[in-house]
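Subject: Structure for you to look through

Dear colleague,

I am handing over the structure we talked about, and below it you will find what turned up when I went through it. Please keep it open beside you while you read.

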Amino acid sequence: MPPTGSYVADGEKSENLLASYTLYYLCRREAGESCFVGGSNPEKGILPLGYLNNTARFKAESVLTNAAQILEQFKVKTAQKKKTTLPFLFSPFKSLSDSEQIDFLRKARTAIQHEKYEEAVSLCSQLIDLALEGLSYYHTYDRLFLGISVALSFVGWTSYVILVIIKAQAGLIRGTPSKEIISLLQYAFPAVGVLIATLLLIQSLPWTYYIYCLLPVPIWYAVLKEYPVIQALAASLLNLPWTHSVGFLLASTLGIEILVFSFFYRSMLSFGLMTFSMWPLVSRLWTQAKATVLSWILSCLLLSVFPLMPVVGRDQNIPLVTAAGLSILLSSSCLVALLWKSKKKHVRGKDLYLYLAQLLSLALSSYVVKNTHSSLESKQGLPLINQIVSWTTLASSLIVPLLSSTMLFLRLLSIFLSLMSTYLLLSTGYEALFPPALALLMFVWINMEQEAQKSYGVSLKSKLAALSFSHTADITEFRQLHMGDIRRSFFFVFFIVTAFFGTGNIASINSFDPASVYCFLTVFSPFVMGGLLLWKIAIPFVLVSCAFEAVQVTTQLSSKRLFLIVLVISDIMALFPPPADLLEVTVPSVTLSHVMRGYRRRKVPEGRDGGIVVILTTERISHYVVVMSFTIFLMLLNGLSQLLTTKRLELWERTKHHPL
């Protein structure tokens, strides 16, 4: 017989189990259990009268005792909060004053004495509800205060990064800060910091409050110190047509919301990709390069299919993995042949051998996947030669690309072939088709950005095929920022999120399906298996990041500026609230209240005890942590992509001997 435990404690899994056995009516009321055992949690201390088989007087007296207990907790909480709050800052819970408390208890006792037990129970229930509401009020008393402090820190940090980006614009900033204003700021902000620390010290608040409340002080000092930049930015924005400003604001809000929603709904990525496919149609690119635009539309629609598919799970489809490997092998072979036979000889003789070796590695990976799973199905174990090939392919995946030419497309092709060989070895289903579709879109994206540069009137000194990652541009060659660079940065963030949630690869970590690593080992080793699966998840990230490096080369823009824009977008994502139907967002403004709040309300399915059950959730915090980790991860990824694209190992260079 299935367990009849609480659906609140066991979560969705218990709910589904009870639903399958139609045993909702057996769910116990865990919310009232601690009342019998003397629990201290008030939300689990409500007496369930339905379980009492006694006289009406006994029930009424029991509820009255229960109400008095919860009311006493409310009084203790009120006294604690009043003691740690300055008198002029304290705001009591007005719905349950001292006189109302006495009045409720007096009326309930009088009703019991006059044998009006139902009236007494009703009065006690009202008192319990008000006391619980008051406890929740004092428990979250400092939430708004802390939320505003955290929001000020985030807004200040984001503003400072924006000012750093704008400050680099030549000709925009004129003049230097006056000494009077600098002196005023130097005295005002330390005074504000001392005042805040003093107020916190008087109230004996925890040390974490000092971090939350004092952090905005140095951040906003750094922001306001750049007031000439702020003035220049305000003047530039006022000169823009209001329709452009409103349109940009609406488009930015929609884009950020799509990114935030994609953390909870993978299908939003498909919506975003379909929207991206329409971008050239509303610009001049359609008339400028129809073939490239058509490729962009098709590649966006192709990639948008993957977020609509089920999350990668335990269902294996090895023939599909093998077919994916063979299709990549065929298309890559044709591409290498075309590059070799081209008039400009993009591929030199020694580079050709490297690409042939990578194609051979790709073919071996396809064979190893098929052979390994066939061997395991026939109970013959993992062949030693397959294991050696798998580990060798993995070890060389980050070294072999460094041997190739630093020409833009040649290096990207080498990176793709090396990483794809490893990805095939770690694939068990349709996810093997995801990196090729992603790489195709990245290839078209680079070409689209080249065409977009022409529409902005930027002169390009070299054709796309002649560009090299190793070209070290002088600072004078870097152009100024324009609105298209914000779009490029947003595309990069969106593609990174798509690489993360496109096939739900993170589900492989959660379920820890060992089938993905059978080509490497069959003995259970959680750390090795986890490391391999993490590398599998990281491979699409590396492809997107390397493509972004290529975009920086083609657009002749400093990588630092583009990355700072990416950082701003990531920080703004942390400020936006998650979907309202998942998380109860009561403060619509940007206050990070969804991070500070720990509870959400969920309706109980029909057929159970009615009402609303309050359960603890980590979705708000997880959204915040994921976005912040995402920002740090982008910094590490940027360094890895620069290493893979710009560095080269010259193993074939012959040493020149000069006669004496």
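Lys81 counts as buried, with a relative accessibility of 12%, and its salt-bridge partner Asp142 counts as buried too, at 15%. In this pair the closest N and O atoms are 3.3 Å apart. Because Asp142 lies in the loop between helix 5 and helix 6 while Lys81 belongs to helix 3, the pair ties together parts that are 61 residues apart in sequence. Please bear in mind that the model is predicted, and that every value here is computed from it.

Helix 3 also holds a salt bridge between Arg57 and Glu61, whose closest N and O atoms are 3.2 Å apart. These two residues are four positions apart in helix 3, which means that about one helical turn separates them. Here both partners are partly exposed, Arg57 at 38% relative accessibility and Glu61 at 34%.

The structure holds eight salt bridges, and another of them joins Arg487 to Glu449, with 2.8 Å from N to O. Arg487 lies in helix 20 and Glu449 in helix 19, so this pair ties together parts 38 residues apart in sequence. Both Arg487 and Glu449 are buried, and through shared partners they belong to one network that also takes in Asp485 and Arg488. The charged end of Arg487 sits, in addition, over the ring of Phe491, at 5.3 Å from the ring centre.

Phe491 leads on to the aromatic residues, since it is part of one cluster whose members include Trp279, Trp445, Phe490 and Phe548. Across the whole structure there are 31 aromatic pairs. In one of them, the rings of Phe93 and Tyr137 have centres 5.5 Å apart and planes at 45°, so the pair is tilted. Phe93 is buried, at 8% relative accessible area, whereas Tyr137 is partly exposed, at 27%. The rings of Phe500 and Phe541, by contrast, have centres 5.8 Å apart and planes at 20°, so that pair is stacked. Phe500 lies in helix 20 and Phe541 in helix 22, 41 residues apart, so that the pair links distant parts of the chain.

As for the chain as a whole, its secondary structure comes to 25 helices and two strands, and buried residues make up 46% of its 660 residues.

With best wishes

Key
Residues are numbered from 1 along each chain as its sequence is written. This is a predicted model: local features need pLDDT of at least 70, side-chain atom pairs count only at pLDDT 80 or more; totals for chains, interfaces and linings use all residues. Side-chain values use heavy atoms; hydrogens and water are left out. Buried means under 20% relative accessible area, exposed over 50%, partly exposed in between (1.4 Å probe, protein chains only). Rings of Phe, Tyr and Trp (its six-membered ring) pair if their centres lie within 6.5 Å; planes under 30 degrees apart count as stacked, over 60 as edge-to-face and the rest as tilted. A charge sits over a ring if NZ of Lys or CZ of Arg is within 6 Å of the ring centre and within 35 degrees of the ring normal. A salt bridge is a side-chain nitrogen of Lys or Arg within 4 Å of a carboxyl oxygen of Asp or Glu.
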